[in-house]
Each structure stands twice: as C-alpha cells, then as structure tokens.
Amino acid sequence: MSDTPTQATNEFLRLARERGYIHQVTDEAGLVARMAEGVLPGYIGFDCTADSLHVGSLMQIMLLRLLQRTGNKPVVLMGGGTSKVGDPSFRDEARPLLTDEQIETNKAGIRRAFEPFLQFGSGPTDAIMLDNAAWLDELRYIPFLREVGRHFSVNRMLSMDSVRLRLEREQAFSFLEFNYMLLQGYDFLELYRRHGIALQMGGSDQWGNIIMGADLVRRMESASAFGLTTPLLTTASGTKMGKTASGAVWLNADKLSPYDYWQFWRNTEDADVGRFLLLFTELPAEECARLAALHGAEVNEAKKVLATEATALLHGRAAAEEAAGTARATFEQGMAAETLPSITAQLPAGLLDLAVAAGLAASKGEARRLVGQSGLRLNDEVVSDIAREVTSDDLRDGAAKLSAGRKRHVLVRAG
C-alpha cells in the first residue's frame, strides 16, 4: 500500500496506464484531485448471467485489485437487479430473461471468483460486495421516472453506440432493455449516496452507460463523479478474450480445472505474451518486457511464466506449480523420452492431412467428423476449424502434439 493518498493516486493511475488497463477517463485531472483527498471507493458492476465469471472479466477484476493495492477501496457490485433486465450493450439480440432462482444461483457462483484477488473486510481499503437488487427491487416506477428519468435525454440515449448500432441494423430493441441505461445510472447515484462511491470502472462497451451515470450524480447531487474504462480485449488473431473452441475459460475451479486454466494461458499466441503478462500477472513491467522480447523457441518459456503466474493469482501458487509440473510430465518429458509416436511433415500443413498421416483418422472425411465432434486437439486445445493449418508457431520444443480423443497422441515435427 502507498504511504499517502497523493502517492496512492499517482501510483494507481501510473500503474494502470503502464500495464494497459486504461482506455478512457472522464476527467483525469478531477479524478487525481479527488483521490488526493483520501481513499477513493471505485466500483465495477457484474451482471449474474452465468454461475461463474470467465477470463473475459479478468481485466476488470485485476483493475479492482490494483485499486486496492494502491491504497483505495474496491467495490464489487453484483447485478441482482439489472440481471432481471439484461444489458443490451453491443448485442444483436436481447438476452434471455432469467428467473429469480437462476440469478441467485449465478450470484453465488460469481462471488467465489473475487476471493483470491481481493481482501474483503471492514477496513478503509478492504473490498466490499454490494447487490443492486437492494435498491432496484424496491423502486416505484412512476416516482422513479419522475425523479431520475427526467434527467435522461432520449436523443442522447439513441446516439449511444450501444443503442444506435442495434437500431441501424433494424434489430429488435425492447423497451425493457432501453431502461437498462437508466438503471445503471441510478446504481451510480445510489452508490454515491449510500457509500460515497465517486468512481465507476468497466469495459469500453460501458462508456456510454458510465458517463450517463456520472452525469446523473452531478445533476442530482451537485457532486463530481468519474468514469474509467478498460480497452476491448481481443487476441492478436482477433478472437474475443475468454472464449476458445472448447467453450468459455471459466474462473471457478469446478467449471475449469487449474490445469486446464494453466493450459489456456500456455496456449497464448506469441504476439500476445507481453501484453498478457502486464495485464494478468503482477510481475514487474521490466520483467514483462524482457519476457516479451524472447523469440523462437524461447517464447515458450515466457508462455510458461505467464501461465504459472496467472494461475497462481486465481488458484494459488501450489496449484499453479502442480499444473506446470503436470504439463512437463505429460507433454515435454514425453517428447524428450520419445514415448509418443511422431511423424515428420513439411509445415505449414493442413490439420486434416496430418491427422490422416499420423494414423489418428483413416480418411479426411473421418478427420472432419472428429473435428465436428470436438474430438481432435492440437496442443491440448480443441480444434473447431477444418481448414486449420499447423505452422511452425504451433511447435513447442520442436514438436506439436496432435490428439484424437483423450488417449491417442502423435507428435508432429517439422521436416
């Protein structure tokens, strides 16, 4: 923790920018001044749409962790109320409506994701967890519209990208969803009134909602409120962060094992290693830069560091080291000892052709069926694209591991 509020202020914004967390800030000079006055509570909202968060939410959690590490107070806002409406931001269609029972189940699962990252308690910088159902469920709609709704310009709401793009595509946009922006803005107002929370953070897709909420606080409380967003996170190949061919990369261990979580980070694309080390580990920036500068086979060592450090934050150091050890035993030592059969091929080569050459499929048609059944894996990752090619980038210590099911493995080496 920093020694003084001013140091905490400078440290939070400096580190957040250095590590790549900041995309936009509503009024940075005002935020600096406010943080210099003392500990600042800042919140991020998480709707209860599943019974676990996935890696796509990890940057937000790391930002809350950084806020706490630099002497401020992180607030996790559970969307027990807003989940009954569904956030329409940048979606092509409405989310399915959840029952109260589903929301409660999801809320219980999501809570567990924060425990490894934040210190909860009653101290000035201890994290707290709140639920917007506490005030949204009690709203009387007509008084709400008279008190809050009059501060929202429909013209401005329609100009927000999250709404405008949906309308331009002539995709249905229900009045229920249209209310989401009012409810999220009202969350900010209630959090300011109840807990003095003057900072809302979130992904870049929440920018419109955040500035509307900050404006509502200014209008109704004559107070300054601030917003900070993180950049949209995609992989170097353009894939949305948190999703793989085999599904979401969940944070709860009962939905994804520490070993599979470690493997997800181990399979990071070369071009993403440096960025992900900064975002998802707490290694010094200088060490992240050193690892990011590695090339060729050496980049695999950087990926292992990323995997181990990221897994340690979520599942603990012991689980991370165990996952790394298991990976060495099942993959690298198997290669070194020649315990797995291997073939040599000119790369790049089509995955289906390699599956046939390796004897994992009798024909390309059978290999296609394996892909369709999620039964073909490359380096322990399910392959979903029948046109996938194996290139030199897929080699680990000189070989790529091609698997059919869980028990048949062949190493592919470059010829």
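## A guided tour, starting at helix α3

Begin by selecting helix α3, residues 58–69: this helix lies across β2, β3, β5 (199–203) and β6 (226–230), and runs at about 160° to β2. Keep in mind as you look around that this is a predicted model.

**The sheet under the helix**

Now select the strands. Six of them form an open sheet, in the order β1-β6-β5-β2-β3-β4, and their pairing is mixed. Which strands stand at the edges? They are β1 (24–25) and β4 (128–131); each has a single partner strand, so one side of each is left without a neighbour in the sheet.

Next, zoom in on strand β2, residues 41–47, together with β3: seven bridges pair them in the parallel sense. To see one link in that pairing, pick Y43 and look for V75 in β3, its bridge partner.

Add helix α10, residues 180–195, to your selection. Helix α10 also packs on the sheet, where it touches β2, β3, β4, β5 and β6, and its direction makes about 145° with that of β2.

**A stop at T82**

Follow the chain onward from β3 (73–79) and you reach T82, in the loop between that strand and α4 (100–114). Is T82 buried or exposed? Its relative accessible area is 2%, so T82 is buried. Show what surrounds this residue: neighbours within four places in sequence aside, T82 is in contact with D47, N132, L136, Y180, L183 and D187.

**Two helices side by side: α10 and α11**

Go back to α10 and add helix α11, residues 207–221. The axes of the two helices are 8 Å apart, and they pack at an angle of about 50°, which makes α10 oblique to α11. Turn the view until one helix lies over the other: α10 passes α11 in a right-handed crossing.

To light up the contact, select Y180, M181, Q184, G185, Y186, F188, L189, Y192 and R193 on the α10 side, and N209, I210, M212, G213, A214, L216, V217, M220 and E221 on the α11 side. Colour these by class and you will find twelve nonpolar, four polar and two charged residues.

**Another helix pair: α13 and α14**

Move along to helix α13 (residues 273–280) and helix α14 (residues 285–292). Here the packing angle is about 160° and the axes are 8 Å apart, so α13 is roughly antiparallel to α14. This crossing of α13 past α14 is right-handed. Pick out the residues that meet: G274, L277 and L278 come from α13, while A285, C288, L291 and A292 come from α14. How many charged residues does this contact have? There are none; the contact of α13 with α14 has six nonpolar residues and one polar residue.

**The five-stranded sheet**

For the last part of the tour, select the open sheet of five strands, whose order is β9-β15-β14-β11-β12 and whose pairing is mixed. Its edge strands, β9 (342–345) and β12 (381–382), each pair on one side only. Strand β15, residues 408–414, runs parallel to β9, and four bridges join the two. One bridge to find is that between A345 and its partner A414 in β15.

Finish within β15, at V410. With a relative accessibility of 5%, V410 counts as buried. Around V410, leaving aside neighbours within four places in sequence, the contacts are P341, S342, I343, A358, L360, A400, K401 and L402. As a last step, draw a C-alpha to C-alpha line from V410 to G359: the two are 51 residues apart in sequence and 8.6 Å apart in space.

Methods:
Residues are numbered from 1 along each chain as its sequence is written. This is a predicted model: local features need pLDDT of at least 70, side-chain atom pairs count only at pLDDT 80 or more; totals for chains, interfaces and linings use all residues. Side-chain values use heavy atoms; hydrogens and water are left out. Buried means under 20% relative accessible area, exposed over 50%, partly exposed in between (1.4 Å probe, protein chains only). Contact means heavy atoms within 4.5 Å. Two strands pair if DSSP finds at least two bridges between them. Axes are lines fitted to C-alpha atoms, for helices over the stretch in contact, and angles run from 0 to 180 degrees between N-to-C directions. Angles under 35 degrees count as roughly parallel, over 145 as roughly antiparallel, 65 to 115 as roughly perpendicular and the rest as oblique. A crossing is left-handed if the near helix is turned anticlockwise from the far one by less than a right angle, and right-handed if clockwise. Ala, Val, Leu, Ile, Met, Phe, Trp, Tyr, Cys and Pro count as nonpolar, Asp, Glu, Lys and Arg as charged, and the others, Gly among them, as polar.
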